[in-house]
Amino acid sequence: MRIRGFAPATPCWVELASADPARAADFYAGLFGWEPAGDRFKLGGRAAAGLTRARADRPAGWLTYLTEHNLEASITRVREAGGRLLGEPVEGRGGRSALIADPAGALLGLWESAGFTGAQVGGEPGTMTFPELLTDDAEAAARFYGQAFGWLLRDEYGSDGTRGEWITTAHDAMAGLAPSRGGSWWRAAFQVADCAATIQTCRDLGGGVIAGPTDMGFGSYAELLDPWGVPFAVAAPAALPVELSMSFTPTAGMELTFGG
């Protein structure tokens, strides 16, 4: 599905920083069917994710970016909420970015578009899906993200009630919350057609599996590692059956009824 833009303060882009970008490009191309194109991965010719070399000011790993129409104003809100700016804003291809950390140390990028709005394709295998904040202090996280970005935390679920989802002020879900195994960090996630098949492909390409596949009710989920130890997740939405019935009456004519 073609994507043309994102609402403010919502995930718009995800970028991998790798110690070996060339080999990382081969791994993710094999896993997701991406087309390596310099500092970007493409899917069907459209930008799906970014790629850069890890460095002192950009640690190895996947980084999720949020859309911001005014980068300086967003940085001010982050600081007022207790977060940190980890470097001065920098010019990128099609916009400006900044790296921030929440009070617990979880990293996020901020993106102010100057032509490039972020991922150009979504809602299909090989595209980014809801990232998750892993933390052991959901209350503190709710205070920070509420003040800095206007997010709300709702719908706790899971057997222990420690999972949930972040929604915008317009009540659109756009990220998840999960308990951490120590510390706080954002985990990037990607949609796939079949979790079990993706796990096997990951292993075949030299990656590893942390957990899964796990049935979440609305689909299956797995936590993976690339060959350099970078964690990420994959999710396969459950297929929702749609029933179609047809009826005809002389007064109303033909009627189609959808049910699921």
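In the predicted model, helix α1, spanning residues 21–32, packs against helix α4, formed by residues 195–204, with the two axes 9 Å apart and inclined at about 155°. Because angles over 145 degrees count as roughly antiparallel, α1 is classed as roughly antiparallel to α4. The handedness of the crossing between α1 and α4 is right-handed. On the α1 side, the contact involves Phe27, Gly30 and Leu31, and these residues are met by Thr198, Thr201 and Cys202 of α4. In terms of residue class, the contact of α1 with α4 comprises 3 nonpolar and 3 polar residues, and charged residues are absent from it.

A further helix pair is formed by α2, residues 71–80, and α3, residues 138–149; their axes come within 8 Å and cross at roughly 150°. By the same cut-off of 145 degrees, this angle makes α2 roughly antiparallel to α3. The crossing of α2 past α3 is right-handed. The residues contributed by α2 are Ser74, Arg77, Val78 and Glu80, while α3 contributes Phe144, Gln147, Ala148 and Phe149. Of the residues in the contact of α2 with α3, 4 are nonpolar, 2 are polar and 2 are charged. Charged residues are thus present in the contact of α2 with α3, whereas the contact of α1 with α4 has none.

Internal empty space was examined next. A search of the whole structure identified 1 cavity of 30 Å³ or more. The volume of the largest cavity is about 40 Å³. Its lining consists of Pro11, Val14, Thr64, Met128, Thr129, Pro131, Ala188 and Ala189. Three strands, β1 (11–18), β10 (128–135) and β14 (185–191), each provide at least two residues of this lining. Strand β10 accounts for the largest share, with 3 residues. Pro11 and Val14 fall within the range of β1, Met128, Thr129 and Pro131 within that of β10, and Ala188 and Ala189 within that of β14. Thr64 is also among the lining residues. By class, 6 of the residues lining the largest cavity are nonpolar and 2 are polar, with no charged residue in the lining.

Key. Residues are numbered from 1 along each chain as its sequence is written. This is a predicted model: local features need pLDDT of at least 70, side-chain atom pairs count only at pLDDT 80 or more; totals for chains, interfaces and linings use all residues. Side-chain values use heavy atoms; hydrogens and water are left out. Axes are lines fitted to C-alpha atoms, for helices over the stretch in contact, and angles run from 0 to 180 degrees between N-to-C directions. Helices (H or I, at least four residues) and strands (E, at least two) are DSSP runs, numbered from the N terminus. Angles under 35 degrees count as roughly parallel, over 145 as roughly antiparallel, 65 to 115 as roughly perpendicular and the rest as oblique. A crossing is left-handed if the near helix is turned anticlockwise from the far one by less than a right angle, and right-handed if clockwise. Contact means heavy atoms within 4.5 Å. Ala, Val, Leu, Ile, Met, Phe, Trp, Tyr, Cys and Pro count as nonpolar, Asp, Glu, Lys and Arg as charged, and the others, Gly among them, as polar. On a 1 Å grid over the protein atoms alone, a cavity is a set of points where a 1.4 Å probe fits but cannot get out, and a pocket is an open set with protein on both sides within 12 Å along at least five of seven lines; lining residues have an atom within 4 Å of a point. Grid points are joined across faces, edges and corners, and a volume is the space filled by probe spheres set on the points.
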